[in-house]
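Reader: Hey, got a minute to walk me through this model? I'd like to start with the odd spots in the backbone and then go inside.

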Amino acid sequence: MTLAIVRFCLVLFCVVFGTGQPIKDAWAQNSSTSVTWTRLPGKAVDISINSQGQAYAVAPNGTPWRWDALEQRWRKMSGDFVRISAAEGNRPWAVNAEGVVFRYNGLWWENKDTDVADVTADALGNVYIAKISGEIKKWNPLRSEWQPLEGQAYRIALDMAGNPWSLARDGRIRAYDGKGWIAMPGRAVDIAIGGDDTVVIADADGRVRIWNKVQRSWRVVSGVEGVMAVAATSDGGPWAVIADGGIMATTLIVAPEKIKTEEGRAPEIQAPSAVAPVDSALVAVASGLAAAPATPAAAVAPSVQVAPVTAQVQTADGVIAAPVSPETNGTGQNAARTVAPASEVAGTTDPTAVTTNEDITFVNTRKSASVLAIGRDGSVFGLDAGGNILRWSNSRKRFESFPGTLVRLAVDADGNPWGISTLGRVFRHTGNLWKQIPNATGSDISIGADGSVVIADASGNLSKLNDAMTRFERIPGQGLLVAVAPDGTPWTIRSDNLVQRCTSSPCEMFEQKAKSIAVGPDGSVYVVSDRGFLMRLASDGKTFEVVRTSGHTPQSVAVGPNGYPWVVSTDTLALASTFFERDEQFDRAVAVSTGGDTAGSGSIAAVVDVSSNTDFTFSKNMAFDTYTTGLSSLDELVVGQDDEVYVYGMPGGQDSNKFLKFNSTKKKFEEVSISFSGNLSNIDVARDGTIWTANSGSVYKLSSTGSVLRTYSVTSGEIRNLSIGPDDTVYVVIEKTLYHLKSGTSVFTKFSNDDVYKVAVGRADDLWIADSGNIVQQFTGTKFENRPLGQSVRVQDIGAGTDGSVYISFWDGSTYVLRKWNATNKSFDTVKNIHADKVDVTSDGRPWIAYTSENADVKRGKD
């Protein structure tokens, strides 16, 4: 028996008896805890898999999805939920935001109970719920009723014997053995059990762990951080939902039918030098499809009914941009052809390669996508939550369906999409047909304006498609995510999030961390930083500058002609800085007539991502360290943009107030001796350590020792609040109006006419305020809106961190409590067992609080 046949039989055995296809570092109970994680398409807040390999997910917007193992894609279902459980057959159970539990009967969802926190089911028909009160109940299908089980649970899972494991609200873990509950070590936020009885948890620190029965301990499964939810396949391979909603898997679920079609093929990729013919398949054309007889004028950019927000971006001095005249294809129809380099005639310049000198202005398309890619011709493609391909239509002002399902996406110079499937296979669209690149697998893909196609594999190796388009050949450089410059130079993001330019080996490293990168036809380099800022490579070619996306937090970026970026926000909205004019008349015809698919055959590989975690992990039951200040009363608590923590207040038995700074080494507050003679009633500290304060109609910029560096006169009225943004913009509230001083300017100007009393600035100048009625609001880019929308939440204080964390001090009717903004659920989560009337937040999302009606102590959130 040949080695290839032996390998195939092993794969087939695994699939038939578990429907789980292990990837390169196969999961096994006795394997190393260091495994390869593959990023699946879509985003989720919860996932579940039964022992038969049926997988389900709930998207951040509440939509449930079912995994299609044959086509390797998510299929949308009806409903709106927050928790889901795979069950017997294709009949999942789910819980909505109101606590109602439902069972899918094959046609619709049936209401089965209320006041439910979680549900779990197995392929044998066992179903349990954890009530909001903590009660546990089991479904009796014969009597259609719930029967109580002793014990308490907030999260629940079932082992292969049908016995539940539970998590309490404080994270404590217990297992039911059929007679009683057994306490287990550790704490967790979610739990799942695989078809081989492997127990998987997301621990309190956001790591994946599996239960070791012999050692009675939880072993860490490395490779992902910030895990919020877990599932386990039939062979025990963990799946995880990470902080940004990404779905990560150690074992891929592949249908037996899919594996059977690949008999005789080795499951592992060999060296990517094998040569195979390309474009040998016949072009599929839908019958009866007639082309339009005339070519209309290029589509006009739509009028989106959202007022734009202008972001100031530095440009090189003396640079004047030529008028932008994007190229359009006269025929509008693409035949099967290779990727052509950027065409340039002697003495002329490609108009798409001219960088705009205009301010970058984003508008909300109000359309959803999880990933975007833009070609040199201005074609904008995206993926939805299930990995289905989308194409933007200017004329119809929306994304339209395009055949195919991918997890990574790129667009060539002719406006044709390329991509990588869940199984790591590489595909290109010829203009009429999806074709697989033979013997090639990768983890990320990018296409430069010169036609260079570069892929990165799960180990960070880079390969470039040869001129004959027959194979990928290794090139110098390393990185997990890749973007290609117009001259073919790869830019990458390493596994530690650092940005690199790989003109040679070793690559040139930049002191910038990122989780998304894109390069435009003009050479503009954009990243989304690990802290969630949209940033562009500055004119010095060494540093990155922030580009504002007010009211939205960027998740990923794509760049089109003239350096105009599009952004996907963390809530999956597509934000456009311009709409690229092009001929769209044949878009639908190409979509309808496309042949082939993005399933493919042959070798598979992991699709991985860079980490996107913060040092601080939020829990609804937080613990705090307490530090005494030595003050009798506390007037101000401030976290500066330098991440240092300051307090200001009155010491006991003395008249003059003191300014104190926290010494992180000695773990105590120490007095800062300053020369400023005025009151520091409104203070904040900039990145350079300068102290800003305001009183008596003036704003003062002080040195770190308190000497006055500059005085700014502002409009008359009481100065109520002051805050500094991460880009050094200074905001002040005068009476009920918000003013700001942009970095490099000398005059405070009115920001808006909204009613404002207090202001806090978070990631990428995400503005939060309390109005004169103390109602908390967020700036959308055009106006301030109540948060949650439609509600009026009264606050005492607001704190915002550059990681996107927002905390408020909330009056619950009897005392001040601490709450954190939950961007996924669009609500505030209460931090239990803590009181606070002052709050601010460090860059890693850690809250610092004080409860001044009790004492002048300051508390810091623990890891």
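Reader: Where is Pro 506?

Author: Pro 506 sits in the loop between β42 (498–501) and β43. Keep in mind that this is a predicted model.

Reader: OK, and what kind of peptide bond joins Ser 505 and Pro 506?

Author: A cis one, with omega at about 0°. Arg 787 and Pro 788 are also joined by a cis peptide bond, and there omega is about -5°. Pro 788 is in the loop between β66 (784–786) and β67 (795–800).

Reader: Why flag those?

Author: Because most peptide bonds are trans, and most residues other than glycine have a negative phi. The phi part matters for the next two residues.

Reader: Go on then, what is phi for Thr 572?

Author: Positive, about 65°, although Thr 572 is not a glycine. Thr 572 lies in the loop between β48 and β49.

Reader: Buried or exposed, that Thr 572?

Author: Thr 572 counts as buried because its relative accessibility is 17%, and the cut-off for buried is under 20%.

Reader: And the other one?

Author: That's Asn 774, where phi is near 65°, again a positive value in a residue other than glycine. Asn 774 is in the loop between β64 (767–770) and β65 (776–779). With 28% relative accessibility, Asn 774 counts as partly exposed.

Reader: Switching topic. How many helices and strands does the protein have?

Author: Three helices and 73 strands. The protein has 863 residues, and buried ones make up 57% of them.

Reader: And how much accessible surface is there?

Author: About 34700 Å², and 47% of that belongs to carbon and sulfur atoms.

Reader: Now the inside. Which residues touch the most other members in the largest nonpolar core?

Author: Leu 372, Val 380, Phe 399, Leu 534 and Trp 566, out of 27 residues in that core. Several strands supply at least two residues each, including β27 (360–368), β30 (388–393), β44 (525–529) and β48 (565–569). A separate core has 23 residues, among them Ala 55, Ala 57, Trp 67 and Ala 255.

Reader: Back to Leu 534, what does it touch?

Author: Leaving out residues up to four places away in sequence, the contacts of Leu 534 include Phe 362, Tyr 526, Val 546, Pro 554 and Val 567. Glu 545 and Thr 549 are among them too.

Reader: How many cavities of 30 Å³ or more are there?

Author: Five. The largest holds about 820 Å³ of space. Its lining has 49 residues, and the closest to its centre are Val 371, Leu 372, Leu 409, Ile 517 and Val 557.

Reader: Leu 372 again! Wasn't that in the core list?

Author: Right, Leu 372 is one of the core residues that touch the most other members, and it is also among the residues closest to the cavity's centre.

Reader: How do the residues of that lining divide into nonpolar, polar and charged?

Author: The lining of the largest cavity has 28 nonpolar, eleven polar and ten charged residues. Strands that each supply at least two of the lining residues include β2 (38–43), β28, β43 (508–519) and β47.

Reader: Different spot: where is Val 200?

Author: Val 200 is in strand β19, residues 199–203. Its relative accessible area is 0%, so Val 200 is buried. Val 200 touches Ile 191, Val 208, Val 230 and Gly 236, among others, not counting residues up to four places away in sequence.

Reader: How many residues apart in sequence are Val 200 and Gly 236?

Author: They're 36 apart in sequence, and 8.3 Å apart in space, C-alpha to C-alpha.

Reader: Got any pairs from further along the chain?

Author: Ser 611 and Asp 244 are 367 residues apart along the chain, with their C-alpha atoms separated by 10.0 Å. Ser 611 is in the loop between α3 (587–593) and β50 (624–627), and it counts as partly exposed because its relative accessibility is 26%. Setting aside neighbours within four places in sequence, Ser 611 is in contact with Ser 495 and Asn 497.

Reader: Last one, what about Gly 431?

Author: Gly 431 is in the loop between β34 (425–429) and β35 (434–441). At 1% relative accessibility, Gly 431 counts as buried. Its C-alpha atom is separated by 9.8 Å from that of Gly 595, which is 164 residues away along the chain.

Definitions and conventions: Residues are numbered from 1 along each chain as its sequence is written. This is a predicted model: local features need pLDDT of at least 70, side-chain atom pairs count only at pLDDT 80 or more; totals for chains, interfaces and linings use all residues. Side-chain values use heavy atoms; hydrogens and water are left out. A nonpolar core is a set of buried Ala, Val, Leu, Ile, Met, Phe, Trp, Tyr and Cys residues joined through side-chain atoms within 4.5 Å. Buried means under 20% relative accessible area, exposed over 50%, partly exposed in between (1.4 Å probe, protein chains only). Helices (H or I, at least four residues) and strands (E, at least two) are DSSP runs, numbered from the N terminus. Contact means heavy atoms within 4.5 Å. Accessible areas come from the Shrake-Rupley method with a 1.4 Å probe; for residues, only the protein chains shown count as cover. On a 1 Å grid over the protein atoms alone, a cavity is a set of points where a 1.4 Å probe fits but cannot get out, and a pocket is an open set with protein on both sides within 12 Å along at least five of seven lines; lining residues have an atom within 4 Å of a point. Grid points are joined across faces, edges and corners, and a volume is the space filled by probe spheres set on the points. Ala, Val, Leu, Ile, Met, Phe, Trp, Tyr, Cys and Pro count as nonpolar, Asp, Glu, Lys and Arg as charged, and the others, Gly among them, as polar.
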